[in-house]
Amino acid sequence: MTRVAVVTGAARGIGAATVRALAADGWSVVAVDRGRDDPRLPYALGTEAELRAVAAEAAADGSVTAVVADAADAAELAEAVHLAKLEHGPLDAMVAAAGVIAGGVPLWEMPREQEEAVLDVDLRAVITAARVAVPALLSHPQPRDGRFIAVASTAATRGLPMLAAYTAAKAGVVGLVRALAAELRGTEVTANAVSPGSTRTAMLDESARLYALESPEEFASQQPLERLLDPSEVAAMIAWLAGPAASGVTGAALAVDAGLSV
């Protein structure tokens, strides 16, 4: 039986790589992204054209459906989950990968609208994903093996200067999945997070700009592997967590960070 996942933040970066990884493993996927910029943020977000290209590239057989929706909007995300059931079948996994970054100044100097954008997308959208997806995962009769997976960050355990709101949001994601794992006791639905280090994404490009670096490559020296991660490396861990081999893992925040958290 084909397994069904919803992935947010799917237009590019780790979200897009996760869509590709799950599709390669035989999943049917609803790939969700807002597909437009956020006026509160000073850099470009993923586009609808990028989202549709990811869906088309990941699967030519129609097993990946692109949906333009705001991950922080409960009604829009619920509609995406409903569409997944109509087109592919009941939900087996939710991957909350949507993320943004902002800062570059001490927290007390950060524009309020940027703070709100970071908290909305990086934390509240993950909470929204849980509120929408967990009931769908629990709707499967037992025995079941649903998966809730969120993208956190090494920032969840490191105090990153000039990224206080982002750091707080990612720490909140880790706390959320631990609490969800406890609340899901006995259901056979797991809740986990993946914490990436510096990864080649548009968000890392923006991070380099915020830190006034000449290139995002300068982040590589902070990691013991002395290189940046590719989004596919993070997606591989997400795909593993979604699969049967990870059935005994819940409440974890697994680092895929080239050693940054060491």
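In this predicted model, Glu-226 sits in the loop that links α6 (202-210) to α7 (231-242). Glu-226 has a positive phi of about 55 degrees, although it is not a glycine. With a relative accessibility of 63%, over the 50% cut-off, Glu-226 counts as exposed. For context, most residues other than glycine have a negative phi, and most peptide bonds are trans.

A second residue of this kind is found in another loop. Glu-188 lies between α5 (164-183) and β6, and its phi, near 70 degrees, is likewise positive in a residue other than glycine. The relative accessibility of Glu-188 is 48%, so this residue counts as partly exposed. A positive phi, of about 60 degrees, is also taken by Ala-212, just after α6.

The loop between α4 (112-138) and β5 brings together two further points of interest. His-140 lies in this loop and, because its relative accessibility is 19%, under the 20% cut-off, His-140 counts as buried. What does His-140 contact, leaving aside its neighbours within four places in sequence? Its partners are Pro-90, Leu-91 and Asp-92. Pro-143 belongs to this loop between α4 and β5 as well, and the peptide bond leading to Pro-143 from Gln-142 is cis, with omega near 0 degrees.

Turning to the sheet, seven strands make up an open arrangement with parallel pairing, and their order is β3-β2-β1-β4-β5-β6-β7. At its edges are β3 (64-68) and β7 (253-256), each of which pairs on one side only. From one strand to the next, the twist averages 20 degrees. Strands of a sheet pair through backbone hydrogen bonds, either parallel or antiparallel. One pairing can be followed in detail: strand β1 (residues 4-8) runs parallel to strand β4 (residues 93-96), and three bridges join them. Val-7 has Val-95 of β4 as its bridge partner.

Helix α1 (residues 13-24) lies across several of these strands, namely β1, β2 (28-33), β3, β4, β5 (147-151) and β6 (190-196). Relative to β1, helix α1 runs at about 165 degrees.

The packing of nonpolar residues comes next. In soluble globular proteins, nonpolar side chains tend to be buried together. Here the largest nonpolar core holds 54 residues, and those touching the most other members are Val-6, Val-32, Met-94, Val-118 and Phe-148. Two or more residues of this core come from each of β1, β2, α3 (74-87), β4, α4, β5, α5 and β6. Which element gives the most to this core? That element is α4, with 13 residues. A second, separate core has 37 residues, including Ala-17, Val-194, Ala-239 and Val-256.

Val-118 offers a closer look at the packing. Not counting residues up to four places away in sequence, Val-118 touches Val-100, Ile-101, Ala-102, Met-110, Leu-123, Ala-165, Tyr-166 and Ala-169.

As for enclosed space, a search of the whole structure finds one cavity of 30 Å³ or more. The volume of the largest cavity is about 30 Å³. Thr-8, Ala-71, Ala-96, Ala-97, Ala-98, Val-121, Ala-125, Val-126 and Ala-129 line the largest cavity. Helix α4 supplies the largest share of this lining, four residues; it is also the element that gives the most residues to the largest nonpolar core.

Open space is found too, and the largest pocket contains about 870 Å³ of it. Its lining comprises 49 residues, of which Ile-101, Tyr-166, Thr-201, Met-203 and Leu-204 are the closest to the centre of the pocket. Elements giving two or more residues to this lining are α1, β2, α4, α5 and α6. Which element contributes the largest share of the lining of the largest pocket? This is α6, with four residues.

Several names recur around the pocket. Ile-101 and Tyr-166, among the residues closest to the pocket centre, are also touched by Val-118. Leu-204, another of the residues closest to that centre, is one of the buried residues of α6. The buried set of α6 consists of Leu-204, Glu-206, Ser-207, Ala-208 and Leu-210.

Notes. Residues numbered from 1 in each chain as written. Predicted model: local features only at pLDDT ≥ 70, side-chain atom pairs only at ≥ 80, totals over all residues. Heavy atoms only, no water. Pairing = 2+ DSSP bridges. Axes fitted to C-alpha atoms, helices over the stretch in contact; angles between N-to-C directions. Contact = heavy atoms within 4.5 Å. Buried < 20%, exposed > 50% of the residue type's maximum accessible area, 1.4 Å probe, protein only. Core = buried A, V, L, I, M, F, W, Y, C linked by side-chain atoms within 4.5 Å. 1 Å grid on protein atoms, 1.4 Å probe; cavity = no way out; pocket = protein on both sides within 12 Å on 5 of 7 lines; lining within 4 Å. Points joined across faces, edges and corners; volume = space filled by probe spheres on them.
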